[in-house]
Structures are given as C-alpha cells and as structure tokens.
Amino acid sequence: MNIINNIKKRKIRYFLFWFSLPAIILYAGFMVIPIISSFGYSFFTGAGLTPDKFVGFENYIKIFTEFPYKDRFINALGNNFLYYLVITVLQTIGGLTVAILVTRKFKGVKFFRRITYLPTTIAILVTGYLFKMLFSQRIGVIDKFLEMLHLGSFIRPWFGDPDTALYSIAIAATWQWMGIVILLFATGIDSISEDVLEAASIDGASGWSLTRHIILPLMVPVMRIVFMLSFIGNFTGFDMVFAVEGIDAGPNFSTDILGTLFYRSSFSAPSLGGWGIGMGSTVASLSFLIIGIGLVMIIFIFKRFEKE
Amino acid sequence: MKKSLLWLTITIMCVALISTFALAGCKTEAEEIAEEVEEEAEEVEEETTEEVEEEAEEEAVEMEPVTITMTTWHAEENFVNLWNALISVFNETYPDITVEYDPASFEVYDDVTFSNLELGTAHDIVYLRPFDLGRQVYEAGFLHELTVDEMPNLANFPEANTGPFSSNGVIYGSPDRGYSQGVYYNKDMFNEYDLEVPETWDEFIDVLDALKNNGKIPSSLGGGTGAYLDQIYYNTVGVNLWKGEEGKAKVISGEMRFTDDPFVKAFEAFEELMPYFNEDFVGADAFAAFDYFEFGEAGTIIDGTWNNGRRLENSDFEVGYFTVPPQNAGDEIYNVFINGGALGINKNSENIEAALVFLNWLATIEAYQARMDVGFADIPILAADYDTENDLLAEVVTVVGESTISACVHRDRLGAQDPSAATLMREALLNLLSGDFTAEEAAKHIDDGLAKWYEPYQ
C-alpha cells in the first residue's frame, strides 16, 4: 500500500513539475535575469542603455553622499513612504467598511458588490486624467462642490501645490485600487463560518461589537496581504504620477516617488534629470532592497500582532 | 528523487542564462558586421565626384522604389495629416521614395528614440532636439554626418540655424522649422477696450491693467507645466533685458551670472506680471491656460507659435501676435526664436541616399511654401516672400522679421548635467510664484545649483 502511495505521489510531483516548467522558464527569463542584469548595471557607468565603464560601488556611494543624487533619492523615498501610508490607510479603512456592507444580505447587494470593482478595470492613465479634470480649478467639480458647501477657503491648486499634489495623487490611486481591497476583505468575511457568527449573535453581539470582536480579528491575515500588496504596488508605482504630473514629478519634485525617479534617471536626457542607466539601475536595485526589507518587516509585525 | 528534480531545475535555469548571453553575443557579431558595412560605405562615398553627384541629382526623380521611415515627437492627428500631405507634395517630384511618418508621443520620444538608436532599430530619419538635449544623440555617434557635398541645399541655412544641431563643427541635423515665443492677443477684445499693441514694457502693464479693470484675465499662465515656466515665460519676458545672444554668450562663458542685473530684472518683471495671471496659475497646466485664451476669457497669453492653427481652431475672435516689448521706446527688440527641431539620418539606415534626397528637398523654399500650403503654421527658416492665407502666420513672420532673434538663454551648455539650468529655473520660478523666493533668491538658486558642476561658475 505504501509503495502504491509513493508511486502516486511521485506521479503527482512529476505532473506538477512539468506543468509549471514553462512558467518557471518564463519567470527566469523575464524576471530573474533582468533583475540580476539590472543589479549588474548598477556597478557601471556610461551613456546609453549599456554602460561600459566599471565603477564598483561608486554609484551607491554617490547616491547617498552627492548632490543632486542624494537629495532626489531621499526626497523620492520619503514621498514614497507617505504615498504608501496614505493609500494603505485609506484603502484599509474604506475597503473594510465597504466589504462589511457588501457582505450583508439585502436587495441589490450583488450589484453593489460588482460595481465596487469597476474603478480597477479603468486604465491608470485614464484615471489620472480623470482626476486632473475633477480637481481642475477651472472646470473641476471638486472645487465647485466645496464652493457650494461654503468651504471655498479649502480650495487649493490640488495638483499644482507642492503641499497637496502628492496627497491628491494618492486619493486617485486609492480610488483606482479600492476594488481589489474590497474584494479581498469581502472574500475574507465570506469565509468566516456562519456558525461563529450565529453563536456570537446568540450571545448578544450585533453590529459594531460583532465587527469589532469577530470580523476585525479574523481579518488580520487579509490586512497583512493588503499591506504587502499595497507596499509592492506603491513602491514600484509610476503610472499615476506620470499621468498627472508627467515625468518631472512636479511641482518641484513633490510627487517624485522611486518609480518616477528610476524612469527619469535612467532614460531622460541630463538636462531633464537623467543620470544614465548605471545610476538608474542603482535606484532600481535599492528599490528592490527596500521592498524586500519592507515586506519582511510587515510579515514580522503582523505575526507578532497575530500572536498577541 | 527530490534531489534529481532540484538538479534538473538548476540545469534548466542555467540553460536559460547561457541562452541569454549567447543572444547577446550574436548582437555583438551583428555590430561587427554593421561596422564592416559602414567601412565599405565610407570607401564608396570617397569615390563620388561632382560629376557623379550632378548625374545623381538629374536622375533623382528616377530612383529604385524605396521606403524610408521617419519619426518625430508630433503624434497628434493634425501633425500626422500635415506631414502626410507634405510627403505627397514631395512624391510629385520623387514618386519612387515612399516616406512613412511614424511619430512617438512627446513624453517618451527622447527615451524611445535614443534606445532605438542604441539597439539599431531606429527609423531612417529621426527628429532632433537643439543644443544640450540633442547633443547626447550627436555625440553618441548614431547619426550620419551631413555635408554640403551630399546635401547641397544644406548650404541654404545660416550657421545660427545649423549650430544648435552640430557638434565639433559637424552638422548632424538639417533644420526643419522655427518657432517664436511672444504674446498672442485677442484683437476683438483689444478693439472693444480701445487698446493698442504696446511698444514698451510700461505700456504692456497698462494694457494688462485695462483688461483687469474690465473683468478679464489679462494674461493666462500655466504654472503647472514646468517646461513652460523656464523656456517660455522666463525667456520670453527676459530676452530684451539680457539682450538676446549677447547675454546668453556671457552667461555661458561665466562672464555674467544669473545673479547679475539683467537676469534678476527678468525675475522682477515676472513678479510684476503675477497680479495679472489667472487665479489658478500655480496649478493650471499649459493647456488649461491656453483654454482661457482660446475661449475668450483671457486677453493675452505668452506662448509659442506652435499653437498657430492647432490650438486656435476653436477661437471665434481674431488673434494677433506681438513680442514682449522692450523697456524703452526705440530699444532693440529681441525675440526668442527656437529651432524647433532638425532632421537627422540614422547612421545604420539602409536608405541613406533616399533619406538625403528627402532632406535635401525639405531644405528648399519650394518645400517651405508647400508646408504653408498644406497647413503647417510654423515659421520658415529660409527667408523668402511666401504666399500664405494664414494671416496670423504672416503676422508672426513679420514680427519676427522685425526683431533680433535669440535662442533660450539656458539650453546650451547649461543643460549638460543634472541639475540643469532648466530644472533650477523651474524650481526658482515655482518658488517665486508661491512667494517663497524673492527675485534675488530665485537667481541665486540657479547660480548655486550650476556652480556644483558647471566649471565656469566654480
């Protein structure tokens, strides 16, 4: 019997291996090798896409010590953390709230659950342009709405003011990806056993106490996934800032994040902020490292939180 | 069994790695072959005599059918139509040369073109930017050197127009078109409020005052588009103050700095205009600013003549054009003139001869007239009495003809590294607009930033 089981297990393993082999090859060819190549380029300098002068760790030293590299990198890193925090907090609170609502039973709930995913299906560039129009002081509805509520003193040049531009873009990005967060939380809530919820109801829990004592604790693993996906997405993000502010990441680099810094430093002309592919690869390698460390920290923090 | 599976996986990944490097090796071989072909082509070129060239010109209309591709950063539909119309005119004389117009979007053009030139997949003809922006392309050795021997009509262009597309005395780009930067104005609004085209700076301020008192936006500005701040607003307002090329040469050599009087005064002049801009001038981009003018809400806008036709299609009023006036009546009037772009030939093109025929034709008065006829609204680089129905273009050409033209002060040499003069100027102007900098501080910001890498300032 044991022999038969072992043969079956071996067959399953072979089956799984050969079916996943094409994906492994593609992954190796299009992900692993470019990452290693990019890391390799960070030790070189020179014009064009293939820098040819080996400089060792000079690029890494420059990016932490010399102007303008240090200033731009620290600025982009700081902006990226802010961008990530704003989006993650808004998405977690908003996503969880909407997920709790769409997992209740009422007429039309299926329709509402489906349309929460609609923004995610829109192209990012389109969303960026849409929000540019929404926030426009000339034709945008946001400022008109604020005026209507006699809150005209809050009107700002949303994408033109260094103090508000990054947050305005973060709001656009939050709206864009909220659908995925709602989907994850809703799936998590759906997976809570009905028996648990019934037992809690019988014990007198309802509404907020049910949410606080049953749903929220059980959503912690889902929150971990949301935080991790948000971290990866926002620290590799580029398109939303590009759609709204262009590659300059203005005004005054106030919306510059690691993705835009990488693109501009790698591919733009020097007069437009380009540093060459060597330095650009350095930015990319450091971003990769930051994302890796960030993910480990998120897992560690959530594990401790779950234990408690 | 698990071990053998692991080894098999490692073996496959190694094969993938080796394959990748092998393909890179093939590319190296292709480069060697391309070098050999280039050496042979150079030998053939040396054998060409004047008689052969004349024969070639006579026979130019009867070439072997060939298709060449060209790319620019004008991917807008109307530009595609204009270029295709112009190519049709070219084909009346040269029916055997098909030119395919294949543009890329403005935002990604430089990066895509440079990458393609590096990879050897670029178009036969590429559009080039002037001065520092284009220098990286010229000096990387991607382009075919243009000479009067191969392209006789290149001699038609003055050195001021070929200079921005040259490096070490070698011309890489045949100038294509020019743009002026000045002030568009709403003629109907000026007539309504009995306003005249100002001839001095003080008169300009009076005109803006009058427009403001009548409830109009005197001048619209798009502070949200960084490139407009440094290239258009600062340069257009300041060119009279630093006396065009004279000031530009001094600031490049280090004889003058941005903290010197004319350049600080340019920032002060900009400050003087601030009360006359649209309320949302900080956040509005250049397109939104032009909307204010195009739809009759603003009386003037400082902008470039690339908007002729394209952005003024919806205006239901007569549009006029003047340069920013000098401080005093009778002073020399300067106008920022941009060599909008030039056409270069990819060194690795298989159709260099056909590309040269096309470029040679474009460098004629006949071609510039054809451009006007099909609807291009840019300023012809070759001076002549052109026949145009576009009154605005005719007015622009007259205004530019009466001025002393000058390139932007900060795009030559001062943009070779980051932070470039353009980036620093943008930061300075944004801080000036928000009230965080004074005019002197704005000027100092540029000087201090350039001093970090630009030798004449160190």
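Okay, so look at B:Asp285 and A:Lys132: these two form a salt bridge, and their closest N and O atoms are 3.3 Å apart. Keep in mind that what you see on the screen is a predicted model.

That pair belongs to a wider picture. Across the interface of chain B and chain A there are three salt bridges, plus three residue pairs in polar contact, counting pairs with both residues at pLDDT 80 or more. Which elements of chain B give two or more residues to the side that touches chain A? They are α1 (2-46), α4, α5 (131-139), α12 (286-294) and α16 (421-433). The one that gives the most is α1(B), with nine residues. And if you sort that side of chain B by class, you get 18 nonpolar, 10 polar and 12 charged residues.

How much area goes under cover between chain B and chain A? About 3,400 Å², with carbon and sulfur atoms giving 63% of that. The contact between the two takes 40 residues from chain B and 36 residues from chain A.

Now let's zoom in on chain B, on α4. This helix covers residues 109-119, and B:Tyr109 sits in it. Is B:Tyr109 buried or exposed? Its relative accessible area is 1%, and anything under 20% counts as buried, so B:Tyr109 is buried. Who is around it? Skipping neighbours within four places in sequence, B:Tyr109 is in contact with B:Thr71, B:Thr72, B:Trp73, B:Ala104, B:Val126 and B:Tyr127. With B:Thr71 there's a nice detail to find on screen: the side chain of B:Tyr109 reaches the backbone oxygen of that residue at 3.5 Å. For a sense of scale, B:Val400 is 291 residues away from B:Tyr109 in sequence, and 29 Å away in space, C-alpha to C-alpha.

Last stop, chain A. This chain is divided into domain 1, residues 2-41, and domain 2, residues 59-307. Their C-alpha centres lie 32 Å apart. The contact between them takes four residues from domain 1 and six residues from domain 2, and the area buried there is about 390 Å², 59% of it from carbon and sulfur atoms. On the domain 1 side, A:Ser38, A:Phe39 and A:Tyr41 lose the most area to domain 2, together 81% of what that side buries. By class, the domain 1 residues that touch domain 2 are three nonpolar, one polar and no charged.

And how many salt bridges join these two domains of chain A? Zero. The count of residue pairs in polar contact between them, both at pLDDT 80 or more, is zero too.

Note on methods: Residues numbered from 1 in each chain as written. Chains lettered and ligands numbered in written order. Predicted model: local features only at pLDDT ≥ 70, side-chain atom pairs only at ≥ 80, totals over all residues. Heavy atoms only, no water. Domains from an automatic or database assignment. Contact = heavy atoms within 4.5 Å. Buried area = accessible area lost by both parts, 1.4 Å probe. Salt bridge = Lys/Arg side-chain N within 4 Å of Asp/Glu carboxyl O. Polar contact = N/O pair within 3.5 Å; in protein donor to acceptor, adjacent residues only side chain to side chain. Nonpolar A, V, L, I, M, F, W, Y, C, P; charged D, E, K, R; others polar. Helix = DSSP H or I, 4+ residues; strand = E, 2+ residues; numbered from the N terminus. Buried < 20%, exposed > 50% of the residue type's maximum accessible area, 1.4 Å probe, protein only.
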